[in-house]
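This report looks at how two helices pack and at the charged pairs in a structure. Please keep the sequence and the model in view while reading.

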Amino acid sequence: MQKGSTAPASKSRIPQIVSNTLGFGQKNDATVDIPLDTVNDPRKKERELSTWEADLNRRERDIKRREDAVASAGVPADDKNWPPFFPIIHHDIANEIPVHAQRLQYLAFASWLGIVLCLVFNVVAITVAWIRGGGVKIFFLAIIYALMGCPLSYVLWYRPLYRAMRTDSALKFSWFFLFYLLHIGFCIFAAIAPPIVFHGKSLT
């Protein structure tokens with residue numbers, strides 16, 4: 001009977017001592033629920049990773065589908081990257097134009113830069129002529145040529161050629177040829193500068 005009575009006492013004393021030393025019990029009650037099955041369950045982790053991977057793949061497919069839809073609609077999503085110091089247009093011949101057409105595209109780009117430089121030079125030269133008594137009309141005409149010629153030449157023939165080279169579109173090629181002929185005609189007219197528009201002094 002004595003052995004039986006001491007055994008329960010010793011058993012009940014051990015949890016009490018452990019609870020006091022570890023800070024559990026009576027005054028310091030704190031319940032921490034740690035789901036051991038989630039920590040030690042590799043299957044659940046694997047399920048979560050596979051779900052996450054499936055979600056990423058779904059998003060990637062969605063983005064690819066949108067890009068394909070935009071490309072098929074003929075509306076390229078181009079980021080502006082040229083000129084580098086103040087990007088206003090998208091221009092990446094090396095990565096977007098086929099290798100066999102890159103030389104021609106570079107020549108076209110040089111042609112467009114040439115008309116831009118000529119129109120800027122025309123403004124400077126006409127400004128000098130105006131200061132020396134040429135009249136204000138020729139100065140305003142030079143400004144109009146520059147403000148209209150630079151963006152219109154880009155929009156009407158250079159960008160259609162760039163997109164035609166990139167997508168091999170016959171419609172854009174025909175658009176380019178039409179307006180490039182007009183561009184050549186304007187260059188010939190500007191080079192001759194016949195005395196029919198304010199005596200030809202608005203073009204140098």
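How many salt bridges does a search of the whole structure find? The search finds two, a salt bridge being a side-chain nitrogen of Lys or Arg within 4 Å of a carboxyl oxygen of Asp or Glu.

## Basis of the report

This is a predicted model, in which local features need pLDDT of at least 70 and side-chain atom pairs count only at pLDDT 80 or more, while totals for chains, interfaces and linings use all residues. Residues are numbered from 1 along each chain as its sequence is written, and side-chain values use heavy atoms, with hydrogens and water left out.

## The two salt bridges

In one salt bridge the side chains of Arg58 and Asp55 meet, at 2.6 Å from N to O. Both residues belong to helix H3 (residues 42-72), where they are three residues apart, about one turn of the helix; helices here are DSSP runs of H or I with at least four residues, numbered from the N terminus. Arg58 is partly exposed at a relative accessible area of 45%, and Asp55 is also partly exposed, at 23% (buried means under 20% relative accessible area, exposed over 50%, and partly exposed in between, with a 1.4 Å probe and protein chains only).

Arg166 forms a salt bridge with Glu96, and the closest N and O atoms of this pair are 3.1 Å apart. Arg166 lies in helix H6 and Glu96 in helix H4 (residues 93-96), so this pair ties together parts that are 70 residues apart in sequence. Arg166 is partly exposed, with a relative accessible area of 22%, and Glu96 counts as partly exposed at 23%.

## Packing of H6 against H7

Helix H6 (residues 136-167) packs with helix H7 (residues 170-192) at an angle of about 150°, their axes being 8 Å apart; the axes are lines fitted to C-alpha atoms over the stretch in contact, and angles run from 0 to 180 degrees between N-to-C directions. That makes H6 roughly antiparallel to H7, a term used for angles over 145 degrees.

The contact, meaning heavy atoms within 4.5 Å, involves residues of H6 including Leu156, Trp157 and Pro160, and residues of H7 including Phe173, Trp175 and Phe176. By class, the contact of H6 with H7 has eleven nonpolar, two polar and two charged residues (Ala, Val, Leu, Ile, Met, Phe, Trp, Tyr, Cys and Pro count as nonpolar, Asp, Glu, Lys and Arg as charged, and the others, Gly among them, as polar).

## Met148 in H6

Helix H6 also holds Met148, which is partly exposed with a relative accessible area of 46%. Met148 and Leu119 are 29 residues apart in sequence and 9.8 Å apart in space, C-alpha to C-alpha.

Technical notes. Helix = DSSP H or I, 4+ residues; strand = E, 2+ residues; numbered from the N terminus. Parallel < 35°, antiparallel > 145°, perpendicular 65-115°, else oblique.
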